[in-house]
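Student: Hello! I am new to this structure and would like a close look at one part of it. Could you walk me through the empty spaces and what surrounds them?

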Amino acid sequence: MIKLDKELYNKKVTGLIGYPVEHSKSPLMHNTAFEELGLNYTYELFEVKEDEVAEAFKDLKELGVAGFNCTMPDKIKAFELADEVSPEARLIGAANTIVNRDGKFVAYNTDGVGFVNALRDNGFDVKDKVITILGSGGAASAIIVQCALDGTKEINVLSIKDKFWDKAQGLVNNIIEETHTNINLIEMTDEAIEECILKSSLLCNATPVGMAPNEDACLIKDSGLLRTDLVVVDIIYNPLETKLYKMAKVNGCKVLNGIEMLIYQGAASFELWTGEKFPIDKVREKVYKSIKESFQ
């Protein structure tokens, strides 16, 4: 059962449900933003296992929270329990943000929005572009859906042919039917990666390859593929600079890490809850400082 400390009764409450949640950077991001803008909000952590989501929804509705984020393993259940769902959440089949609208819980997925907004603020618009995404899991799904909704010309999705392949193909088929975007699900091989990168404006690694403790791993074997006009995003942020990130940086590519997607998806959630503009620069400064300290 979710309860609030008495000192929170006079605040508008937001937070995060999931399991585990204690290492999340979301409280730092949102409470920094609330303080910066002088908003009477708070962001709290609620440890909620997958089989406890329904009860948590009931408790949070009764408490009248402004909204909350959902992380694994609660994203799918939260989507299923919502009173209403946004177009991107419906296509993905998972929610990372719930907004309380007059007692109704409305589900959104801001992961993909975070991805495209981070790119846009760094001078790259996905509209009418050809892009390549490595991976087809949860984060990749959110990115694919949002890019399709935002008018991307062609999306090449490279994935290993495992037990999740059919699920990925189903997602791709649904997005094509809904958005009429040209999306190709391709078995991941070195040859396929090379072929797709050569015709793409953007490359995104949405797999865990390169994440600590396997920092020396990288799906791109030939650094020569990373030409200067290619934008490279690695959604990993531990380490802040993966092997792919470093290779792209050396080659003169515009390159972003996972912190940017994290911050911008938080910004989208924040703006849904408050209607206020998220102080990106201030939050970024705090988050980078915290992450660098945690790596020391």
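Student: Which helices each supply at least two residues of the lining of the second largest pocket?

Tutor: Happy to help, and please keep in mind that this is a predicted model. The helices you are asking about are α5 (111-121) and α10 (258-274), and each supplies at least two residues of the lining of the second largest pocket. The full lining is made up of V113, N117, R120, D121, Y264, A267, A268, E271, K277 and I280. By class, five of these residues are nonpolar, one is polar and four are charged. The pocket they surround has a volume of about 170 Å³.

Let us stay with these helices and turn to the cavities. The count of cavities of 30 Å³ or more comes to two. In the second largest cavity there is about 30 Å³ of space, and its lining consists of F115, A118, L119, V233, L256, N257, E260 and M261. Here α5 and α10 appear again, joined by the strand β12 (254-257), with at least two lining residues from each. Helix α5 gives the most to this lining, namely three residues. By class, the second largest cavity is lined by six nonpolar residues, one polar and one charged.

Two names from that lining lead us to the packing of the protein. F115 and L119 are among the residues with the most contacts inside the largest nonpolar core, along with I133, I155, L202 and C204. This core has 34 residues, and its largest share, seven residues, comes from helix α6 (residues 138-149). As a general background, nonpolar side chains tend to be buried together in soluble globular proteins. For a view from inside the core, try C204: leaving aside residues up to four places away in sequence, C204 touches F115, T132, I133, L134, I143, V233 and I235. A second, separate core has 26 residues, including A33, A66, I263 and W273.

One of the residues that C204 touches, L134, also helps to line the largest cavity. The other lining residues there are N205, V209, G210, A217, C218, L219, I220, D234 and L244. This cavity has a volume of about 40 Å³, and its lining divides into seven nonpolar, two polar and one charged residues.

To retrace the path on your own, start at α5, which contributes to the lining of the second largest pocket and also to that of the second largest cavity. Then go on through F115 to C204, which touches F115, and finish at L134 in the lining of the largest cavity.

Notes. Residues are numbered from 1 along each chain as its sequence is written. This is a predicted model: local features need pLDDT of at least 70, side-chain atom pairs count only at pLDDT 80 or more; totals for chains, interfaces and linings use all residues. Side-chain values use heavy atoms; hydrogens and water are left out. On a 1 Å grid over the protein atoms alone, a cavity is a set of points where a 1.4 Å probe fits but cannot get out, and a pocket is an open set with protein on both sides within 12 Å along at least five of seven lines; lining residues have an atom within 4 Å of a point. Grid points are joined across faces, edges and corners, and a volume is the space filled by probe spheres set on the points. Helices (H or I, at least four residues) and strands (E, at least two) are DSSP runs, numbered from the N terminus. Ala, Val, Leu, Ile, Met, Phe, Trp, Tyr, Cys and Pro count as nonpolar, Asp, Glu, Lys and Arg as charged, and the others, Gly among them, as polar. A nonpolar core is a set of buried Ala, Val, Leu, Ile, Met, Phe, Trp, Tyr and Cys residues joined through side-chain atoms within 4.5 Å. Buried means under 20% relative accessible area, exposed over 50%, partly exposed in between (1.4 Å probe, protein chains only). Contact means heavy atoms within 4.5 Å.
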